[in-house]
Amino acid sequence: MTTFKSIGVQKDLVKGLQKLNITTPTPIQEKAIPLLLNGPVDFIGQAATGTGKTAAYGLPLLQGINPQSKHVQGLILCPTRELGQQIAHQLFKFTRYTDRIFTECIYGGAQIGPQIKALKRTTHILVATPGRLIELVNKQAVDLSGVKTVILDEADEMLSLGFRDDLDQILSMIGRVENKWLFSATLPEAVYKIINTHLSAGAEQVRVNQKSGINKKVEHQFVVCDEREKPFVLQAFLKSKRKNQGLVFCKTKATAKQVLQQLEAADFSVDGIHGDMLQKDREKALRRFKKGNCDLLVATDIAARGIHVDKLQFVVHYELPAQDDYYVHRSGRTGRGGEGGISLALCTSKELRQLRFLEKKLGVSMRQIRRAK
């Protein structure tokens, strides 16, 4: 049986993983870690959301850090503050038994002053959203001259959020780094433009579940109903899943607010996050959900990345997403680490065509149910 030790992870990090009950590498970890430890190397990794990509790049990154140096040695670029905070927290947990390795997370939508102050402390790894990183570089608040490894996490999402120019600027700025690692659940054409521009022609590639990035252990279901029936269908499904944790995804902020109000009125244990909320309120809702203090979270697609809740039992697509790739990321919130889960779509007859297109494009079998069970 493959172990983290057998693929080259040092004993102090293995001990930290064992403390987290992580004992066996996932496929992306098993294939990526030996290549990344054998660097310098440019690398492209594609795997489903929830299959352990953070550890796949995080463990080799941590193993290559010199704790005695005070310079930023690793840079991780990611699309959202939620994902950035999750990454930084995971890296911290991995280093429970190692020498002190300091990670800072910076992101937009928060006051820049405290982040500038934080970066005056020793920082070995910087996790950043692209726009805020450029702001801090322009203010000469961060020095990237010592960076040896740059990682693009959820590259497809960064591009879909409009960060292409920012990524080009950052990667050009630190173009001579030893390692450039790109990880993504999907590899659309826009990602290949980044790869062809900034990664070497001989970049190593690892693809797991290449066709769609969908976890094969997730059961995909759908219910056809009128728009006015959706609240009742949703609540019937949720009542059958009492005391199980799940996510309800909506396409718009207005719908998310409406669904949240309806579920609160029906006495469900629920919270919500969407773009109109203050950052502190979003973080509070996420903390409650992650700690198990509420069973349900209603969210727009800002939450499709950056939420890692072990054993999340189901995801409901109250509305189908505006972009096909979001179905992958939404569904990836359940069935993490190879566990099973349910991805349920509530579809009007007009949305059924889009659903069938997704089924074909993503290579998944979607089972129609007459009622949520």
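In which loop does T51 lie? In this predicted model, T51 is found in the loop that runs between β1 and α3. Is T51 buried or exposed? The relative accessible area of T51 is 16%, which is under the 20% limit, so the residue counts as buried. When residues up to four places away in sequence are set aside, T51 touches T26, I28 and Q29.

Strand β1, one of the two elements that flank this loop, covers residues 42-46, and five of its five residues are buried. In a regular strand, side chains alternate between the two faces of the sheet. On one side of β1 are D42, I44 and Q46, on the other are F43 and G45, and both sides are covered. Strand β1 has β6 as a partner, to which it is joined by five bridges in a parallel arrangement. Strand β7, residues 204-207, also runs parallel to β1, with four bridges between the two. Q46 takes part in both pairings: the residue opposite Q46 in β6 is S184, and the residue opposite Q46 in β7 is R207.

Strand β5 spans residues 149-153 and is likewise mostly covered, with five of its five residues buried. T149, I151 and D153 point to one side of β5, whereas V150 and L152 point to the other. Buried residues are therefore present on both sides of the strand. Strand β5 is joined to β6, residues 179-184, by five bridges, and the two strands run parallel. A parallel pairing over four bridges links β5 with strand β2, residues 74-77. T149 is placed in both of these pairings, with N179 as its bridge partner in β6 and G74 opposite it in β2. Strand β6 thus pairs with β5 and with β1.

The nonpolar interior was examined next. The largest nonpolar core has 37 residues, among which L59, I76, W181 and F183 touch the most other members. Elements that each supply at least two residues of this core are α1 (11-19), α2 (27-37), α3 (53-63), α4 (81-94), β4 (125-128) and β6. Helix α3 gives the largest share, six residues. A second core, separate from this one, consists of 34 residues and includes I44, I112, L136 and I174. I44 of this second core is also one of the buried residues of β1.

The surroundings of I76 can be listed in detail. Apart from neighbours within four places in sequence, I76 is in contact with Y57, L61, I87, L91, I125, L126, V127, A128, I151 and D153. Two of these contacts, I151 and D153, are residues that point the same way from β5.

Cavities were also sought. A search of the whole structure gives two cavities of 30 Å³ or more. The largest cavity holds about 60 Å³ of space. Its lining is made up of L238, K241, R242, K243, N244, F268, S269, D295, L296 and F314. By residue class, this lining contains four nonpolar, two polar and four charged residues.

Definitions and conventions:
Residues are numbered from 1 along each chain as its sequence is written. This is a predicted model: local features need pLDDT of at least 70, side-chain atom pairs count only at pLDDT 80 or more; totals for chains, interfaces and linings use all residues. Side-chain values use heavy atoms; hydrogens and water are left out. Buried means under 20% relative accessible area, exposed over 50%, partly exposed in between (1.4 Å probe, protein chains only). Two strands pair if DSSP finds at least two bridges between them. On a 1 Å grid over the protein atoms alone, a cavity is a set of points where a 1.4 Å probe fits but cannot get out, and a pocket is an open set with protein on both sides within 12 Å along at least five of seven lines; lining residues have an atom within 4 Å of a point. Grid points are joined across faces, edges and corners, and a volume is the space filled by probe spheres set on the points. Ala, Val, Leu, Ile, Met, Phe, Trp, Tyr, Cys and Pro count as nonpolar, Asp, Glu, Lys and Arg as charged, and the others, Gly among them, as polar. A nonpolar core is a set of buried Ala, Val, Leu, Ile, Met, Phe, Trp, Tyr and Cys residues joined through side-chain atoms within 4.5 Å. Contact means heavy atoms within 4.5 Å.
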